[in-house]
Amino acid sequence: MPISLHNSLTRRVEPFAPLDPNRVTMYLCGPTVYNYVHIGNARGPVVFDVLVRLLRRHYPHVVYARNITDVDDKINAAAQQLGVGIESITGRYAEAYREDMAALGIAPPDVEPHATTHIPQIIAMIERLIASGHAYAAEGHVLFEVESFSAYGALSGRDPDELLAGARVEVAPYKKNPGDFVLWKPSTPELPGWDSPWGRGRPGWHIECSAMSEAHLGETIDIHAGGVDLQFPHHENEIAQSTCAHGGKVFARFWLHNGMLTFSGRKMSKSLGNVMLVHELLKAHPPEALRLLLLRGHYRQPLDWSEAAVAQSISTLDGWYRVLRDLADIAVDNDLPVPEAVEAALCDDLNTPQALAELSQLADQARQASDAEARRAAKAALLGAGAILGLLQQDPETWFKQASGATEIDEARIEALLEERRAARASRDFKRADEIRDELTTMGIVIEDGAQGTRWSVAKG
Ligand SMILES: Nc1ncnc2c1ncn2[C@@H]1O[C@H](COP(=O)(O)OP(=O)(O)OP(=O)(O)O)[C@@H](O)[C@H]1O
Ligand SMILES: [Zn+2]
């Protein structure tokens with residue numbers, strides 16, 4: 001089944017074909033590591049994780065890079081405030097980022113390049129840009145000369161003249177034109193810096209991604225992804241740098257941009273102060289519910305965060321896991337095919353809402369399956385759909401018994417109470433049985449009596 005993707009460069013959904021089917025390359029702009037990430041920051045990593053899973057099913061070799069920006073003025077500010085070196089900040093939050101992403105079921109990228117370990121490549125790229133007349137050094141800075149690249153503005157659809165005339169309040173004196181952007185800047189002795197032909201300094205943010213994607217993926221990459229907020233100026237600048245450093249070669253063939261996660265309709269962002277940290281949310285909610293929430297909207301549309309949406313995702317997963325619990329006695333293969341309708345939805349510009357609707361239908365079918373073969377097929381289909389979406393990855397019992405908050409679940413105590421309740425009911429002591437049920441309710445445990453005995457789960461929400 002062919003994959004089609006919306007390419008921000010052409011503003012159209014286009015059939016996707018890699019330049020080299022034996023080595024598909026994809027780059028996602030990663031975080032600047034100076035604090036914990038918010039759930040908005042996780043939207044791109046989650047949706048593009050599904051894309052990578054899809055690509056891996058279609059092509060034998062996919063190289064997926066997601067970088068870490070570990071040199072930045074915000075990092076410097078955080079380090080100075082705490083009186084520590086930047087490494088103690090970046091090391092700590094890069095690790096926290098890995099943990100948060102893993103908890104959300106995001107597979108680690110094939111490469112996770114750090115900016116600070118690519119300084120020679122960054123300097124080499126800047127030198128090439130100067131040599132080819134696209135950049136100039138001035139007062140310890142190196143700037144990219146936007147006028148030297150006629151295609152500037154093509155990705156964001158902005159008119160370069162308008163950009164140049166753009167309302168920069170204060171234009172730095174070393175810039176030839178207001179739109180020129182920094183490739184390298186000088187560092188004072190207390191700031192992190194590296195020796196360079198232009199003196200001791202540090203790279204600008206945009207050049208890091210150009211240099212790291214070149215180093216790991218080559219001069220032309222198949223897919224470059226990121227949040228739509230990065231389209232301008234970050235991605236526009238990446239295109240300018242890489243294209244000019246590579247003699248006019250196409251930098252990224254497909255540009256994919258995810259829409260913003262909003263909170264009460266406004267972009268969730270640190271600067272607005274309306275963020276929910278993944279690190280905190282994971283303490284209160286099952287990680288799969290957070291992942292499901294992020295997949296419930298189409299990746300190009302805005303998606304609104306709310307506690308009600310989390311609760312709805314939990315109840316959806318409850319329903320699916322209940323089906324799997326009823327099919328617990330059925331064995332299925334490990335290597336599950338993806339049901340065709342789910343695959344078709346994902347191949348259509350990563351239509352995850354449609355894929356989830358298909359998954360719900362499969363769950364309905366599974367509920368109705370009666371004979372052994374139909375039940376086996378239904379379970380395989382559900383798990384196959386779950387695998388490509390990164391959902392339904394837990395044992396149903398684990399799902400139902402996981403603590404939703406900081407509360408510890410004492411399984412032995414619950415089982416003992418249930419045993420006592422069974423005994424009470426057997427001896428027709430319904431008063432005692434009801435007391436036990438109430439006690440369990442107080443503990444946040446929901447019990448369900450059915451044909452297969454009594455089951456319990458942790459009340460979520
Ligand atoms: N609300 C959001 N929804 C989806 N993606 C987001 C959101 N906010 C940031 N991103 C993405 O997260 C990544 C990291 O963003 P960045 O390091 O610029 O910090 P930031 O969180 O955007 O800062 P701020 O929150 O102040 O906007 C980028 O890829 C960006 O596109
Ligand atoms: Zn980038």
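**Zinc site, helix packing and local backbone geometry**

Along the chain, the donors of the zinc ion (ligand 2) are spaced as C-x179-C-x24-H-x3-E, donors being N, O and S atoms within 2.8 Å of the metal (3.2 Å for Na, K and Ca), with water not among the atoms, so that sites may look incomplete. The structure is a predicted model, in which local features need pLDDT of at least 70 and side-chain atom pairs count only at pLDDT 80 or more, whereas totals for chains, interfaces and linings use all residues. Residues are numbered from 1 along each chain as its sequence is written, chains are lettered from A and ligands numbered from 1 in the order in which they are written, and side-chain values use heavy atoms, with hydrogens and water left out.

The protein donors of the zinc ion (ligand 2) are C29 (SG), C209 (SG), H234 (NE2) and E238 (OE), which lie 2.0 to 2.4 Å from the ion. The angles among the four donor atoms run from 77 to 131 degrees, and the site is irregular; four donors would count as tetrahedral if all angles lay between 85 and 135 degrees, or as square planar if opposite donors were over 155 degrees apart and all others between 65 and 115. Distant parts of the chain are linked by the pair C209, in helix 6 (residues 205-217), and E238, in helix 7 (residues 231-245), which are 29 residues apart. Helices here are DSSP runs (H or I, at least four residues) and strands likewise (E, at least two), numbered from the N terminus. P233 is also placed in helix 7, and a cis peptide bond, with omega about 0 degrees, joins F232 to P233.

The axes of helix 15 (residues 411-426) and helix 16 (residues 430-442) come within 8 Å and cross at roughly 160 degrees, the axes being lines fitted to C-alpha atoms over the stretch in contact, with angles from 0 to 180 degrees between N-to-C directions. Helix 15 and helix 16 are therefore roughly antiparallel to each other, a term applied to angles over 145 degrees. Their contact (heavy atoms within 4.5 Å) involves residues including L417, L418 and R421 of helix 15 and F430, I436 and L440 of helix 16.

Helix 1 (residues 43-58) and helix 13 (residues 372-389) pack at an angle of about 115 degrees, with their axes 8 Å apart. In this packing, V50, R53, L54 and R57 of helix 1 meet A387, I388 and L389 of helix 13.

In the loop between strand 1 (4-7) and strand 2 (12-15) lies R11, a residue other than glycine whose phi is positive, near 60 degrees.

Note on methods:
Parallel < 35°, antiparallel > 145°, perpendicular 65-115°, else oblique. Tetrahedral: all angles 85-135°; square planar, octahedral: opposite > 155°, others 65-115°.
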